[in-house]
Amino acid sequence: MFKYIRQRIAFAILTLFIISFFVYILIAAFGPNPVQQLAVKEYERLKTSGKTFNEVLQNLEIQNGLRYVLSDGTPGAKIPIIVRYFRYIGGIFRGDFGFVINPSNNPDPSSYKTMGQLFFKPLKYTLLITFPTFIASSIIGISIGVFAGYKRGKFFDSASNLFALIFIAVPSFIIAPIAIAIALSLGVSAVVPRPGDQPFLATFIAYLPPIIVMTLSSLAAYVTYTRNQVVTVLTSNYVLIAKTKGLSSRQIFFKYVLRNISIPLFSLIFGSFIGLLSGSIIIEKYWQVPGTSSVIVSAFPSGEINVVMFSTLFFTLVSLIAEIIIDVSFAILDPKITYVSNSKKNYLLFLRAYKERKKITRDYFVKNLLTKYHLSIEGKTLTNGNATDNKVQ
């Protein structure tokens, strides 16, 4: 298993590198230039100094690592995007993730002075919504799905399928305004307060509408997936054999149903939490939550490449770690599952054998070529010798 984990970690690092490379290249090549926007404001401020707009722009590009500076201090050529990318990666190993290029794109300059503060301080407001949503949707959704699977073809099953169909088809940006209208009619604020600004009960009630909307949207996936897994297990041969042996429904559930549905559900639960954490932008916009999603979305149209890259690296790394944990947990939940570590293939020996075959093939062709060359020379010499003997005769 440890060999498999090492391989997964190596592939995860490679995946992270590839994703970061393409994201950086695409944002740098096709995204808006925040230095250009900053130069416009700076030029208006320094208009009386006599500097041209190009001078202001080039100086700002030098300050932000977009342009070379010559030995005499004058601006040089622009730094290629690939060079900038590897400089950015080198800065990460030194703990430097960059920061907001244009200060006007910083939502709270007094609180956010580093990239960590800009990203992780708003993250706690996102977690106040996504974590309760994750707990409620997973518990309620799995419970409804299990009951629907056991009541297959009955009223409860049909009602749960209809519920899942409605909330899968209707997006959250349609449900959110309806929830806000209902909340306002009940006297609940449409803007969630920050913890500590209001009493706990008022804050709790204000956070309920966005949590309910996100729960309904993610609940449908749990219900449908769990119900289908339970139906598959209940109609399997080993469950039918267990029933003929006289096992009770409770024994069948804990021994067969729960054990077999836990493996696919485990991957669904981990994936849903990552999705909730990174996809709550609609909820944050409607209820004006100062969360991470709002910071990320505002960074894209303004071209803040450091913010985009930090969020991309963070969510990609979390997703890759979750995938490794899920794969390892499969072996814990079901010992019958084995990994590639049991394979007898040795890729190092395979590479050595390939090189040896290549060398033997090359030597064989060289030897044949030299043999043919010597034979041809000997044939020509023999022919010329016979011709001379004939002339002498």
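# Contacts, salt bridges and a helix with two sides

Trainee: Leaving aside neighbours within four places in sequence, which residues is I282 in contact with?
Mentor: Keep in mind that this is a predicted model. I282 sits in helix α11. Once its neighbours within four places in sequence are left out, I282 is in contact with S172 and F173.

Trainee: Is I282 buried, partly exposed or exposed?
Mentor: Look at its relative accessibility, which is 29%. Buried means under 20%, and exposed means over 50%. I282 falls in between, so it counts as partly exposed.

Trainee: How far is the C-alpha atom of I282 from that of P210?
Mentor: Along the chain, I282 and P210 are 72 residues apart. In space, their C-alpha atoms are separated by 9.8 Å.

Trainee: Which helices do the buried residues of α7 pack against?
Mentor: Start with the buried residues of α7 themselves: S172, I175, A176, A179, I180 and A183. They cover an arc of only 140 degrees around the axis, which puts them on the same side of α7. Those buried residues pack against α6, α8 and α11.

Trainee: Why do residues three or four places apart point the same way in an α-helix?
Mentor: Count the residues in a turn. Residues three or four places apart point the same way because an α-helix has 3.6 residues a turn.

Trainee: Which residues are exposed on the other side of α7?
Mentor: One side of α7 holds its buried residues, S172 and A183 among them. Now turn to the other side. The exposed residues there are I178, L184 and S185.

Trainee: What span does helix α7 reach from its first C-alpha to its last?
Mentor: Helix α7 covers residues 172-185, which makes 14 residues. At 1.5 Å a residue, 20 Å is expected. The span in the model is close to that, at 20 Å.

Trainee: Which residue with a positive phi follows α7?
Mentor: Step past the end of α7. The phi there is positive, near 85 degrees. It belongs to G187.

Trainee: How many salt bridges does a search of the whole structure find?
Mentor: Take them one by one. R67 meets E61 at 2.7 Å, N to O, and K78 meets E61 at 3.7 Å. D157 meets R227 at 2.9 Å. The search of the whole structure gives three.

Trainee: How many residues apart are K78 and E61?
Mentor: The side chains of K78 and E61 meet in a salt bridge. K78 lies in strand β2 and E61 in helix α3, so the pair links distant parts of the chain. Their separation is 17 residues.

Trainee: Which helices hold D157 and R227?
Mentor: The side chains of D157 and R227 form a salt bridge. The pair ties together parts that are 70 residues apart in sequence, because D157 lies in one helix and R227 in another. Both residues are buried. The helices are α6 for D157 and α8 for R227.

Trainee: Which residues do salt bridges that share partners join into one network?
Mentor: Both D157 and R227 are buried. The network is made of other residues: E61, R67 and K78.

Trainee: What relative accessible area does E61 have?
Mentor: Compare it with the cut-off for buried, under 20%. R67 counts as buried, with 14% relative accessibility. E61 is buried too, at 2%.

Trainee: Which helix supplies the largest share of the nonpolar patch?
Mentor: The patch covers about 960 Å² of surface, and its residues include F11, L14, I82 and F86. Two helices, α1 and α4, each supply at least two of its residues. The largest share is seven residues, and it comes from α1.

Trainee: What relative accessible area does F17 have?
Mentor: F17 is one of the patch residues. It is found in helix α1. It counts as partly exposed, with a relative accessible area of 37%.

Trainee: Which residues does T133 touch, not counting those up to four places away in sequence?
Mentor: T133 has its place in helix α5. It is buried, with a relative accessible area of 0%. Beyond residues up to four places away, T133 touches I211, M214, T215, S218 and L276.

Trainee: What percentage of the residues in the chain is buried?
Mentor: The chain has 14 helices and two strands. It counts 393 residues. The buried ones make up 33%.

Terms used
Residues are numbered from 1 along each chain as its sequence is written. This is a predicted model: local features need pLDDT of at least 70, side-chain atom pairs count only at pLDDT 80 or more; totals for chains, interfaces and linings use all residues. Side-chain values use heavy atoms; hydrogens and water are left out. A salt bridge is a side-chain nitrogen of Lys or Arg within 4 Å of a carboxyl oxygen of Asp or Glu. Buried means under 20% relative accessible area, exposed over 50%, partly exposed in between (1.4 Å probe, protein chains only). Helices (H or I, at least four residues) and strands (E, at least two) are DSSP runs, numbered from the N terminus. The expected span of a helix is 1.5 Å times one less than its number of residues. The arc is that of the directions from the helix axis to the C-beta atoms. Contact means heavy atoms within 4.5 Å. Patches are made of residues with over 30% relative accessible area and no salt bridge: like charges are joined within 9 Å, nonpolar side chains (Val, Leu, Ile, Met, Phe, Trp, Tyr) within 5 Å. Accessible areas come from the Shrake-Rupley method with a 1.4 Å probe; for residues, only the protein chains shown count as cover.
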